[in-house]
Structure formats: C-alpha cells, structure tokens
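Let's walk through this structure together, one region at a time. Keep the sequence and the 3D view open side by side as you read.

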Amino acid sequence: MSILAIDQGTTGTRSVLYDSGGNIIADSYREISQIYPQEGWVEHDPVEIWKTVVDTVAELKAAFPGEVTAVGIANQRETAIVWDKTTGSPICNAIVWQCRRTNDLCSRYAAEAEMITEKTGLPLDPYFSATKIRWILEHCPVDNPENLLFGTVDSWLLWNLTGGKVHATDYTNASRTLLYNIREKKWDDDLLEVFGMPRSLLPEVKNPMDDFGTVESISELRGVPIRAVAGDQQSALFGQCCFTQGKVKNTYGTGCFMVMNTGDRFIRSKNGLLTTLAIDAAGKPCYALEGSVFIGGAVMQWLRDEMGLIEHAAESEAIAKEAASSAGVYIVPAFTGLGAPHWHADAKGSIVGLTRGANKNHIVRAALESIAYQSYDVFLAMVADSGVLPESLIVDGGAVENSLLMQFQADMLGVAVHKPHNTESTSLGAAFLAGLRSGVWGSADELQSLRHLQCSYEPEMDEERRGECLEGWNRAVRQTLAG
Ligand SMILES: Nc1ncnc2c1ncn2[C@@H]1O[C@H](COP(=O)(O)OP(=O)(O)O)[C@@H](O)[C@H]1O
Ligand SMILES: O=P(O)(O)OC[C@H](O)CO
C-alpha cells in the first residue's frame, strides 16, 4: 500500500509516494517555466503544469510499481486557470498568485473592500483569484463563454486526472478566491455579483478529505481514487500536525507562509494578516491566521538568475558565513509589492545601507536575512492578533535546509525554531488527508507519532545586537515604502 501525494508548487511539481509509516518511498520532481510577459506579470503554462504531473507520476511508478491506495493533491493557491470544458484547453496561460497585473483592476472594487474582507477574511489585493479571473474574462474573449470553467491549480489537475469528469475544489482553495464566504462556507452571491462572476464557472467545493473521483487519464494510476485536495499552506499545516488552536508553522518556499490554527475563532486581523480556512483533526474547516510573504526563497533565485552572485541556492549559506554580519546592508525584496503585514502592492525592492566596504558576501547575507526579517514581521502581527505567544515555530519548505537562515530566524523571533525530519510537510499533509480518508490511519492522533524532530535552533543572539538588527530592518522597510 502507498499514498501518492502530488505537490504542485510555484517552482515545480513534486510527486511523492508515502508508506503507512509516513515515510517517503520515492519522489520525483520537475521544475515548471516561470513566464514574465511584462514587468510585474507572472504566468504558468497550465498544459506544462499538467505534463509535469504526468511525468513525475510516470517516473515514480517506474521506480515503484506497487499498488497505490489513494491520491492526494496539494497545490499553489490563488493561481487562476480558465479552460473550455468542451476542448479541455485553457483559454490563456495561468495567472500566477504573484502576478500584479490586476493592481489597477482592484481599485474598481475599492468601495466594496470592507464587505469583501468581512466575508472572505482577505484584503482586496491582486494576490487573490477574483481579479485574475475578471482579467481573463475581459482580455481573452471566446465565442462560447458558457463553456468556460475556472479553477485554481487543484481543479485543473482534478479535471485532467479524471478525464474531464470532475470540476471541484476544496474549501481551503476556495477560501483564497475572494468569492467564497468563509463564515457561511459557500460561494457568496454578493461577491459573485461584485466581480461579475458567472456561477457556472465555479467548481463544486468539497472537504479536503473527500472523494474527488478516480484517475482515468494516467494509465499507471487508472482507477485509483483521489481522496484529498488542499491548498499547499493548509496542507503543510496539517502535515505538521498543527490541528489545534495556537499551533503555527512557517513554510520557506518561493514565498514564506506563516499559518496559525485559530480553531473556531474567526479573527479579523488588525495587523495586516489575513483570515483563511484550514483543516482540523477531523478534516473539517477551522479558521487560521496567515501572513503571506511574496518573496522568500525566491530572493535566492534572484541572486542566482538576475545578479549572478550565486550558482545555486544552497551555496548562499557558505557565502553568507564569510561575512560575520550584513554590515548594515539590508535588502527589502518587494519585487512583487510587499505582502503581509504591509500590503503595499506598488512597493519596489530596495538595497539600503551600502558602504564602500560592502561586498558580495554582505549582499548574500542580507538577502538571506531578509527572509527571516519578513517572517519576523508576520510573527509579531500574529502574536498581536491572536494573543498567543507560541513556544516555538515549526518550519518546512526548501529554504529550511539553510542553517544560517534558521539560526538567524530563531535569533530574531526569540523563540526556538523546530525543523522536522521530513520537511516536505506540504506533500505529507496531502498524504495524511488521503490516507485518513482511505482508512490507512484511523485518526489524526495516529499521525503525531509519525512526525519526528530533526533539529531545533535556539535563540542565541544578545538582546542589544538583536535590537540593532531589527531597528535597521524597520528603517529599511520605512525607506522602501516611502519610495
Ligand atoms: N539552501 C537554501 N538556502 C536558501 N534558499 C533555498 C535553499 N534551498 C532552496 N532554497 C529556496 O527555496 C525555494 C524552493 O523551495 P520549495 O519549498 O521547493 O518551493 P515552492 O514550493 O515554492 O516551489 C527556492 O526559492 C529556493 O531558492
Ligand atoms: O508554491 P508555494 O509553496 O510557493 O506556495 C504558493 C502559495 O500557495 C501561494 O499562496
């Protein structure tokens, strides 16, 4: 028996096979192309996304021909795809969550901003799906609009996996669209009207642990049931066993996403966080506070691809260690605006504090530290909004392999950072959900024993130095926002 988890992320697609002990049997990964047609625009090719799923599954099944009990899907959220149900073809590229093209479009709905936030828990921002869908409908006209379907990446994959039989999503993904009422847990008529959204476009919303049809289109998996769908950050929260109120995790991937389970408390943030739906131990909706940082590990890709300062992300640690500190250099990587807790869609990135002695090592270190500072800002907001000071921060995602970053994070937060043995919490969450639904595990309690701590980073920096670091960061953010 094994569970196949598909983690379709911003940078690429990872398919992972888990056994009943929650161990990885095999995994396969393919990058996807990042398409930047204009300044601030980001697209993915939906057909390429689908192909990476097919390819990674084929690779896994070649390595492990055994039986697959169920499939679970976790996905990059908000990214909008519109396709024609008669042909199965997208009418344009996917508009990615990072894309800022609908910045101006958002101002069209400014008068409704309060109502939108009250119902959805989200700020009116180009990050979320609604204005992306609106943009597609207005800029990609088709002869038969009644044939169109919208989906976030999970719905697109479900449609393709089931051979066009299932058009569905789950409430964690729906809660990121600006169209879903997270108090009443339904598509909201007022919101559909505001955004001019035909209901026929929208997928059915299910529980993350549910029956989503069977795989028809991939021969190696034909007939295998799809039993879980969740947005990647909520999936990671579940994979980290943060089932109860006050538990918090931070994922360091392309962006950084800190999510705190707040149980049945819908907390309307006063500090720039958003309220979203997460998954409780029974697989039912619970509330969460989230801080989304748009550029996390992606700042390393920028150092690599645009600045040519590193050859690969992992190298950043050794280079940053060459400098004892960033020597007063701060990078505020507002490349796609600043997300939580600032929400400045127009902000542009900056490097401040350069002196004649500043060198490559300082820049690389400042870039790494910017990931921790941004997460610190979100953590502070979360403590203020929830009234809970977590004992530790549980972490996952690609960039947690960087020990310097993790130690600096613990130093800034003043609480321990716990890194689990399996840092692929996103895929693990999808596997847990699909496995629970399939009876591989009887209850969420069983899952706790499958998780193991790899290491813990304790705060070490003295208070004076920490204060200086944070003061310098706050100054750099102020300068950035002042333009
Ligand atoms: N050792 C490292 N140090 C810093 N950043 C890293 C390291 N390894 C990977 N990253 C960054 O982590 C990100 C990839 O993490 P991943 O969790 O796979 O992302 P995603 O799910 O967003 O596709 C990339 O942005 C990469 O630059
Ligand atoms: O693909 P990731 O891991 O960067 O996550 C993307 C988020 O879901 C966007 O909200």
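Which residues are the closest to ligand 2? They are G9, T10, R77, G253 and T254, out of 13 residues that surround this ligand. A residue gets into such a shell if its C-beta atom, placed from the backbone, lies within 6 Å of the molecule.

Before going further, a word on ground rules: this is a predicted model, in which local features need pLDDT of at least 70 and side-chain atom pairs count only at pLDDT 80 or more, while totals for chains, interfaces and linings use all residues. Residues are numbered from 1 along each chain as its sequence is written, and chains are lettered from A and ligands numbered from 1 in the order in which they are written.

Back to the ligands. The shell around ligand 2 holds nine polar residues, three charged ones and one nonpolar one. For this sorting, Ala, Val, Leu, Ile, Met, Phe, Trp, Tyr, Cys and Pro count as nonpolar, Asp, Glu, Lys and Arg as charged, and the others, Gly among them, as polar. Ligand 1 has 19 residues around it, and G9, T11, G253, G297 and G398 come nearest. Here the split is twelve polar, five nonpolar and two charged. Look for α9 (298–305) and α10 (315–321), since each gives at least two residues to the shell around ligand 1. The largest share, three residues, comes from α9. Helices (H or I, at least four residues) and strands (E, at least two) are DSSP runs, numbered from the N terminus.

Now zoom out to the domains. UniProt, in an unreviewed entry, lists residues 3–239 as "domain: Carbohydrate kinase FGGY N-terminal" and residues 249–435 as "domain: Carbohydrate kinase FGGY C-terminal". Those positions are given in the numbering used here, with shortened feature names, and such annotations may be inferred rather than shown by experiment. In the model, residues 3–239 are 29% helix and 23% strand, with end C-alpha atoms 14 Å apart. For residues 249–435 the figures are 34% helix and 23% strand, with the end C-alpha atoms 22 Å apart.

Next, find the open sheet of five strands, whose order is β3-β2-β1-β5-β13 with mixed pairing. Its edge strands, β3 (24–31) and β13 (226–231), each pair on one side only. From one strand to the next, the twist averages 15 degrees, taken between N-to-C directions on a scale from 0 to 180 degrees, with axes fitted as lines to C-alpha atoms. Strands count as paired if DSSP finds at least two bridges between them. Strand β1 (residues 3–8) and strand β2 (residues 12–18) are antiparallel and share six bridges, with D7 standing opposite R14 in β2. Strand β5 (residues 70–75), on the other hand, runs parallel to β13 and is joined to that strand by five bridges. One pair to click on is N75 and its bridge partner in β13, G231.

How well covered is β13? Six of its six residues are buried, meaning that 20 or more other C-beta atoms lie within 10 Å of a residue's own; 12 or fewer makes a residue exposed, in between is partly exposed, and C-beta atoms are placed from the backbone. K206, found in strand β12 (residues 204–206), counts as partly exposed because it has 17 C-beta neighbours inside 10 Å. The C-alpha atoms of K206 and A228 are separated by 9.6 Å, though the two residues are 22 apart along the chain.

A few backbone oddities deserve a look. Most residues other than glycine have a negative phi, and most peptide bonds are trans. L178, not a glycine, has a positive phi of about 75 degrees; look for L178 in the loop between α6 (171–174) and β10 (180–181). L178 counts as buried because it has 30 C-beta neighbours inside 10 Å. C241 is another non-glycine with a positive phi, about 60 degrees, and sits in the loop between α8 (232–239) and β14 (248–252). The peptide bond from A340 to P341 is cis, with omega near -5 degrees, and P341 lies in the loop between β18 (330–332) and β19 (350–352).

Finish at helix α13 (residues 425–437), where 13 of its 13 residues are buried. Just after α13, G439 takes a positive phi of about 80 degrees.
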